[in-house]
Amino acid sequence: MAISVFQEQITAEDIKAKSRDLGADLVGIADSAEINANPPNPDDPCVPSDISDYDADRIIILAKRLSAGVTRIPKWNERHKYYNDELTMTTLEEIGLELVLWLETKGYPALIVPPTHVDPWRYQGDPDEHMRPLLSLDHCAVEAGMGTLGLNLQLLTPEYGPRVMLAGVLCSAPIEVDRRIETALCKGPECGRCLRACPGDVIRHWDRDWATCDKFRAPHGFHHLTDFMDRMLDAEPAKQKSMLRSEDTFDLWQSILRGAGAITGCRRCQDVCPVGADYDRLIGDALEEIPEDNAEKQARLADFCTVEATGEMPESYATQKRWIGTFL
């Protein structure tokens with residue numbers, strides 16, 4: 001039996017207002033058909049239709065801003081940042097769940113797509129291999145009119161730059177979708193602050209070394225756990241006890257307890273990005289200097305600028321142009 005007889009009439013603005021009431025700072029709605037037709041990675045498409053055959057016509061993107069107080073701490077591996085960001089993620093997931101339950105009271109089955117959700121069946125036994133999320137929420141957010149991608153392919157928003165966390169809610173409510181922003185918010189290598197600040201030096205020309213980035217984005221994640229256990233099992237019995245009581249074990253215990261350092265970690269590229277109304281107002285004065293900067297990074301950015309001045313953009317830009325946008 002069709003469930004439409006049980007559905008109330010709701011609008012996109014109803015959903016956005018409810019999301020904001022629940023605590024979301026930004027909300028956008030994308031047409032899943034656009035994402036299905038334009039997968040961010042055509043060689044390995046992860047799209048809404050993979051998740052649900054019934055309840056995935058729309059994806060609602062929820063954003064929660066990151067705390068400015070911890071953003072102003074320049075040290076990339078500061079545990080205050082890990083912990084505060086974990087609390088932000090927990091809050092965001094609760095907002096997503098409450099929105100799902102509200103939609104279902106209106107007659108529209110819905111489901112959450114968390115930012116850390118990966119398919120365990122894709123794991124091939126290598127903890128150092130990058131695991132793609134089931135859905136790229138950054139790309140979905142661009143489709144939902146919330147911003148554009150930057151030099152390192154992270155979402156930039158007009159309000160908070162890249163200093164947001166995202167969650168998605170899939171449903172098939174017949175609601176209006178938002179229009180994509182087509183003018184790039186990122187200034188590219190002319191700015192390059194994200195590349196200059198990156199402690200792992202993972203940022204490429206409109207691309208990123210994702211596997212290396214994972215070591216910093218989740219410093220106490222699965223790769224750290226397996227590496228530590230390998231070393232502990234190979235150690236002499238006399239050393240195993242001291243390893244058991246080491247700082248490594250303490251960090252892993254804290255991360256398993258709260259997720260801090262496992263699902264949160266380095267975000268220096270987000271911290272120093274000058275895009276966003278919040279930068280000058282709340283954080284810019286503390287982050288103007290970039291201790292990680294060096295001559296080699298500046299030379300690479302100059303090379304990027306030289307390439308772009310010829311009109312020859314890299315292939316990575318061509319692949320992601322829909323979401324990066326065009327330059328004025």
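This passage describes a helix pair, two nonpolar cores and two acidic-residue sites in a predicted model.

Two packed helices are described by the angle between their axes and the distance between the axes. Helix 5 spans residues 79–105, and helix 11 spans residues 247–258. Their axes come within 11 Å. The crossing angle is roughly 15°. Angles under 35 degrees count as roughly parallel, and helix 5 and helix 11 are therefore roughly parallel to each other. The crossing of the two helices is right-handed. Helix 5 contributes Arg-79, Tyr-83, Glu-86 and Leu-87 to the contact. From helix 11 come Asp-251, Gln-254, Ser-255 and Arg-258. Four residues of this contact are charged, two are polar and two are nonpolar.

The largest nonpolar core holds 41 residues. Seven of its members touch the most other members: Ile-59, Ile-61, Met-146, Leu-151, Val-164, Leu-166 and Ile-203. Both strands and helices feed this core. Strand 1 (26–31), strand 2 (58–65), strand 5 (155–156) and strand 6 (164–171) each supply at least two residues. So much is also true of helix 6 (137–143), helix 7 (193–197), helix 14 (295–309) and helix 15 (315–324), each with at least two residues in the core. Helix 6 gives the largest share, four residues.

Val-164 belongs to the core members with the most contacts to other members. Residues up to four places away in sequence are not counted in what follows. Val-164 touches Leu-26, Ala-63, Lys-64, Arg-65 and Leu-66. Leu-155, Thr-157 and Gln-270 are also in contact with Val-164. A second core is separate and has 24 residues. Among them are Ala-12, Tyr-108, Ala-110 and Ala-173.

Two acidic residues complete the description. Asp-214 lies in helix 8, which covers residues 210–217. The relative accessible area of Asp-214 is 16%. Buried means under 20%, so Asp-214 is buried. Leaving aside residues up to four places away in sequence, Asp-214 touches His-130, Met-131, Pro-219 and His-223.

Glu-98 is found in helix 5, the helix that also packs against helix 11 through the contact described above. The relative accessibility of Glu-98 is 41%, and the residue counts as partly exposed. Lys-18 lies 80 residues from Glu-98 along the chain. The C-alpha atoms of Glu-98 and Lys-18 are nevertheless separated by 9.5 Å.

Definitions and conventions. Residues are numbered from 1 along each chain as its sequence is written. This is a predicted model: local features need pLDDT of at least 70, side-chain atom pairs count only at pLDDT 80 or more; totals for chains, interfaces and linings use all residues. Side-chain values use heavy atoms; hydrogens and water are left out. Axes are lines fitted to C-alpha atoms, for helices over the stretch in contact, and angles run from 0 to 180 degrees between N-to-C directions. Angles under 35 degrees count as roughly parallel, over 145 as roughly antiparallel, 65 to 115 as roughly perpendicular and the rest as oblique. A crossing is left-handed if the near helix is turned anticlockwise from the far one by less than a right angle, and right-handed if clockwise. Contact means heavy atoms within 4.5 Å. Ala, Val, Leu, Ile, Met, Phe, Trp, Tyr, Cys and Pro count as nonpolar, Asp, Glu, Lys and Arg as charged, and the others, Gly among them, as polar. A nonpolar core is a set of buried Ala, Val, Leu, Ile, Met, Phe, Trp, Tyr and Cys residues joined through side-chain atoms within 4.5 Å. Buried means under 20% relative accessible area, exposed over 50%, partly exposed in between (1.4 Å probe, protein chains only).
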